[in-house]
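Visitor: I would like a close look at a single part of this model, the salt bridges, with the residues taken one at a time. Once that part is clear, please carry the account on to the surroundings of the ligand.

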Amino acid sequence: MRIDVVSIFPSYFDGLSLSLLGKARESGILDLHVHDLRDWTSDRHRTVDDTPYGGGAGMVMKPEPWALALDELSAHSDASTIIFPSPAGEVFRQSRARELAEQEHLIIGCGRYEGIDERVFEYAVSLGDVHLVSLGDYVLNGGEVAAMAMIEAVGRLIPGVVGNPESLVEESHEDGLLEYPSYTKPAQWRSRDVPEVLLSGNHGAIATWRREQQLERTRTRRPDLLGD
Ligand code: SAM
């Protein structure tokens, strides 16, 4: 998969050369390119923002650098999916991550200031499949942290990125529930015991216990996932 990220702070993404995603990039499974939006400006100050029409606090990102960036980057594929992180977008979920992991080309446009001129989102529709995606119901300073979270969530679903694909199956949100609790050695630690059933070797009993734990955790921590 090719991912192009556009930001005015490209060095935010240096961390994506670490760990599993770093290895995926080295092996060519993940072809990640990070671009500076200012490379698509033409004035001496490399300006990417201006004052908002109608007044109000803050600055808005100018449309033209974004249009030039999207024109150039969308030409890398016949089918680009263009994502704009935005607190006003749909909340990012595992189901969307799964869908994005099947695409051949993602472009992620990271806003700053008060956001991007609205016409950019309309224009982008002529270049690809556009999604405004929120990390959650709070406001960040920019789209970079959200983009990194999305790249990691999507990247680990690309076949070959996580060594054992089995470990992707029994995770929180894969079947609409939270994951069951996990334990490792020692069996007793600081007066706390690992649940006995996990030491029993009885796979049926373990599976039943884990399912119950999933349901209980979801009921208490995230009842919204159960539609309650
Ligand atoms: N004025 C905008 C609003 O109220 O919707 C918020 C702008 S925010 C300060 C600047 C940028 O941060 C946004 O354009 C977006 O790229 C990013 N951002 C902020 N919160 C986000 C969130 N919860 N999810 C995804 N991106 C977010």
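Guide: In this predicted model, the structure holds 12 salt bridges, and a good place to begin is the one in which the side chains of Arg46 and Asp36 meet, with 3.7 Å from N to O. This pair links distant parts of the chain, for Asp36 belongs to strand β2 (31-36), whereas Arg46 lies in the loop between β2 and β3 (49-50), and the two residues are 10 apart in the sequence. The partners also fall into separate classes of accessibility: Asp36 has a relative accessible area of 17% and is therefore buried, the limit for that class being under 20%, while Arg46, at 33% relative accessibility, counts as partly exposed.

Arg46 takes part in a further salt bridge, this time with Asp39, where the closest N and O atoms are 3.5 Å apart. Asp39 has a relative accessible area of 52%, and because the class of exposed residues begins over 50%, Asp39 is exposed. A salt bridge is counted here when a side-chain nitrogen of Lys or Arg lies within 4 Å of a carboxyl oxygen of Asp or Glu, so the 3.7 Å between Arg46 and Asp36 qualifies, and so does the 3.5 Å between Arg46 and Asp39.

Another salt bridge joins the side chains of Arg98 and Glu174, with 3.2 Å from N to O. Here too the pair links distant parts of the chain, since Arg98 is in helix α3 (residues 94-101) and Glu174 is in the loop between α5 (144-155) and β8 (188-189), 76 residues apart. Arg98 is partly exposed, with a relative accessible area of 33%, and Glu174, at 21% relative accessibility, also counts as partly exposed. To return to the earlier residues, salt bridges that share partners join Asp36, Asp39 and Arg46 into one network.

From here the account can turn to the ligand, which sits in the largest pocket. There are 19 residues around the ligand, and of these Pro85, Glu114, Leu135, Tyr138 and Leu140 come nearest. In terms of secondary structure, β5 (80-91) and β7 (129-134) each supply at least two residues of the shell around the ligand, and the largest share of that shell, three residues, comes from β5.

Several backbone atoms lie at short listed distances from polar atoms of the ligand. A polar backbone atom of Leu135 is 2.9 Å from a nitrogen atom of the ligand, and for Leu140 a polar backbone atom is likewise 2.9 Å from a nitrogen atom of the ligand. At Gly111, a backbone N or O atom lies 3.2 Å from an oxygen atom of the ligand. On its own the ligand has 580 Å² of accessible area, of which the protein covers 82%.

One further residue may be added to this account, namely Gly58, which lies in the loop between β3 and β4 (60-61). Gly58 is partly exposed, with a relative accessible area of 37%, and the C-alpha atoms of Gly58 and Gly115 are 9.4 Å apart in space, although the two residues are 57 apart in sequence.

How values were computed. Residues numbered from 1 in each chain as written. Predicted model: local features only at pLDDT ≥ 70, side-chain atom pairs only at ≥ 80, totals over all residues. Heavy atoms only, no water. Helix = DSSP H or I, 4+ residues; strand = E, 2+ residues; numbered from the N terminus. Buried < 20%, exposed > 50% of the residue type's maximum accessible area, 1.4 Å probe, protein only. Near = heavy atom within 4 Å. Polar contact = N/O pair within 3.5 Å; in protein donor to acceptor, adjacent residues only side chain to side chain. Areas by Shrake-Rupley, 256 points an atom, 1.4 Å probe, with all protein chains shown as cover. 1 Å grid on protein atoms, 1.4 Å probe; cavity = no way out; pocket = protein on both sides within 12 Å on 5 of 7 lines; lining within 4 Å. Sits in = over half its atoms within 2 Å of the grid points.
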